[in-house]
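Please take me through this structure in the viewer, one selection at a time. I would like to know what to select next and what is there.

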Amino acid sequence: MSMTHRERVLAALRRQEPDQVPWVENDIEEALQVQIMGRADFTPPELCEKLGLSGFGAHFPTGAAADGQGLVTKETYKESYYNPQKVTFDFFPPWIAKMGADPDTGRTYIEKGLLVSEESLKLFDQFLPDPNHPGRYDRVAEWLDKYRGDYAVFARIRLGAASTIESMGLEEFSYAQVDNPELINEIHRRFSEWSAAVVDHLNDMDFDFFWANDDLAGNTGPFMSPKVFRELLLPNMKIVAERIKKPWIFHSDGNLFPIMEDLLSLGMTAIHPIQPSAMDIGKMKKEYGGRVAILGNIDLDYTLPLGSEEEVEAEVRDRIKTAGPGGGYLIASANSLTDYCKVENVLAMSKAIKKYGKYPLEG
Amino acid sequence: MVNVLQEIQEGVINGQAPRVKELTQTALAQGLGPQTVLNEGLVPAMAVVGEKFQKGEFFISEMMISARAMYSGLNLVKPLLLSQKAESKGKAVVATVQGDLHDIGKNLVCMMMEGGGYEVVDLGVNATPAKFVAAVKEHQPDFVMMSALLTTTMANMGKTIQALSDNGLRAKVKIGIGGAPVTQRFADSIGADFYAADAGEAVTKANMLQIGGNA
Ligand code: B12
């Protein structure tokens, strides 16, 4: 029995067996989207159709004149948040940080976190847009209406952990664990309350699921000890998690095994991206596959940017074989499709998913 | 006397910056030399911190908290070492390579190298091959250490080595590389002298090369 893309995604998220393994990406960098499509004026469903993706969210080059990522300052940020010019489904708070821009790529980056003291908390008012301002919701609702079709559409949000860490800077965040834990708690609470207010609006919209991005870990393990995670971050992340009324995916790079039990207490539907260099997907499936759905694991260190099409095909086949049985697996890259992935490898991934992803899976 | 060095070690491992500062003052007042405080107090403590990180007992935050405690002692000891013109163990120029803006791992490498008794010149992120060349000319380091977190920017490590060769500087330095996607195999393929999987191991490997062994 054939399913629609949306049914396929929702079934896999419920840990059931869909008709085929669905493919969704947290992000596809716009330069790569344009390379794949050969033009910049395509719609999200056109990109999905071309690749065989079962859903979309994040952002697209489509729309009015590009609002040059690098040019967003805190003065113009709120306005561009309320009135996005290009198609987006993102609901992230800004980093409260001094931003730099790489002159070559225009990519912005965090030069220095600005939340370092009680005094600096007043920056929240300056930086955070009003989560109840109707502008962005109205605009996104139009896009949802226009493009959703049979696809599963997601909104990206944060639970506040990454916002806290990046807006303090990892060093200040670390020192405050001993000097001033209450400051971490207060910063986190404010970000989480903001996201919770956003989620209240998103719950009433036609989204099929949410994707919460909060990077907490490097390859060897979480940035902070499990104890600090449990006591300072988790209770604030729950402020958001408990308000969510749709299926949702939790995203953090790196090795999450040391905090997996605590993380699962947030009640997410699925976990992403299970970086192969940091986590073994076989272990993940075996130990936690009965409790959460799994997404990701197609390597971004070597296979997608540097590997051959044959290597991509072999990896897709292997992952479906490992994580696909019984359902509960959605395929995706180990983070996002960055602009340095080879286009032919992205197309090879698409082909291989169609070839090996049909249930019942090959033995 | 021995006790105070032991207490310094414990203070660093437990991440107690004010305490380490005080203990370092006490040690110096007791007549212990700055070299002794460094080599028998601060450095062995950071080696323990590195090991704990490798074993998964310490996480990145804890390593940073210990490093801060180490610096609270090192900052007192450093000017004394300089005024005595004490030979430093060696010097390293460290940076994240061109196109790459990840600095957490690079910062940890700087902290651990300083905690290992080396002088460190930190060039920050997005460092071009030309910037490395200029820094090697200026600082005449023993080590050039490059960090990359992106598969694309790893290529700039090879380019930096090439630039050092083109400027006749390659033989003057030992080159170490690291970062999440970097492997020993990659290090071999671009002719780096060593690779380390984490910041503690970076110091161990540098130490081995400093005494003339193979990393
Ligand atoms: C934090 C983070 C960010 C932060 C960086 C903040 C900062 N100030 O550094 C932000 C959000 C800005 C960011 C941006 C991006 N990131 Co990022 N990021 C990470 C993340 C989650 C953690 C990295 C980290 O700090 N780890 C902790 C430190 C301590 O570990 P480490 O750096 O590996 O360092 C240790 C060792 O490697 C070693 N080491 C490091 N350097 C050196 C050097 C020497 C000489 C030696 C001997 C040893 C050594 O010692 C360290 C300590 O033990 C990783 C995920 C991961 N698994 O690593 C992704 C990751 C590195 N990012 C990735 C990507 C794709 C990006 C973006 C392109 C995303 C985007 N689409 O915008 C941008 C690129 C920006 C740019 N041009 O650099 C990918 C890279 C994939 C690849 N192989 O190419 C990763 C791996 C995520 C993933 N799931 O695939 N990122």
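**Between chain A and chain B**

Start by showing chain A and chain B together; 8 residue pairs, both members at pLDDT 80 or more, are in polar contact between these two chains. Keep in mind throughout that this is a predicted model.

Next, select α8 (170–179) and α13 (303–306) of chain A; each of these helices supplies at least two residues of the side of chain A that touches chain B. Of the two named here, colour α8(A) separately, as the largest share of that side, 8 residues, comes from α8(A). Now colour the side of chain A that touches chain B by residue class: 15 residues are nonpolar, 5 are polar and 5 are charged.

Widen the selection to both sides of this contact. On chain A there are 25 residues in contact with chain B, and on chain B there are 19 residues in contact with chain A. If you display surfaces, the area buried between the two chains is about 2000 Å². Carbon and sulfur atoms give 64% of that area.

Then zoom in on one pair. The count of salt bridges between chain A and chain B is 1. Select Arg68(B) and Asp179(A) to see a salt bridge, in which the closest N and O atoms are 2.7 Å apart.

**Inside chain B**

Hide chain A and colour chain B by domain: domain 1 covers 2–83 and domain 2 covers 91–210. The centres of the two domains, taken over C-alpha atoms, are 25 Å apart. Where they touch, 15 residues come from domain 1 of chain B and 13 residues from domain 2 of chain B.

A surface view is useful here too. About 1100 Å² is buried between domain 1 and domain 2 of chain B, with 72% of this area given by carbon and sulfur atoms.

Between these domains the count is again 1 salt bridge. Select Lys78(B) and Glu114(B), whose side chains meet in a salt bridge at 3.2 Å, N to O. For polar contacts between the two domains, look for 3 residue pairs, both residues at pLDDT 80 or more.

Finish on the domain 1 side. Select α3 (34–54) and α4 (60–83) of chain B, the elements that give two or more residues to the side touching domain 2 of chain B. The largest share of that side, 8 residues, comes from α4(B). Coloured by class, this side of domain 1 of chain B shows 12 nonpolar, 2 polar and 1 charged residues.

Notes. Residues are numbered from 1 along each chain as its sequence is written. Chains are lettered from A and ligands numbered from 1 in the order in which they are written. This is a predicted model: local features need pLDDT of at least 70, side-chain atom pairs count only at pLDDT 80 or more; totals for chains, interfaces and linings use all residues. Side-chain values use heavy atoms; hydrogens and water are left out. Contact means heavy atoms within 4.5 Å. Buried area is the accessible area (1.4 Å probe) that two parts lose on being put together, summed over both. A salt bridge is a side-chain nitrogen of Lys or Arg within 4 Å of a carboxyl oxygen of Asp or Glu. A polar contact is a pair of N or O atoms within 3.5 Å; within protein, one must be able to donate a hydrogen and the other to accept it, and residues adjacent in sequence count only if both atoms are side-chain atoms. Helices (H or I, at least four residues) and strands (E, at least two) are DSSP runs, numbered from the N terminus. Ala, Val, Leu, Ile, Met, Phe, Trp, Tyr, Cys and Pro count as nonpolar, Asp, Glu, Lys and Arg as charged, and the others, Gly among them, as polar. Domain bounds come from an automatic or database domain assignment.
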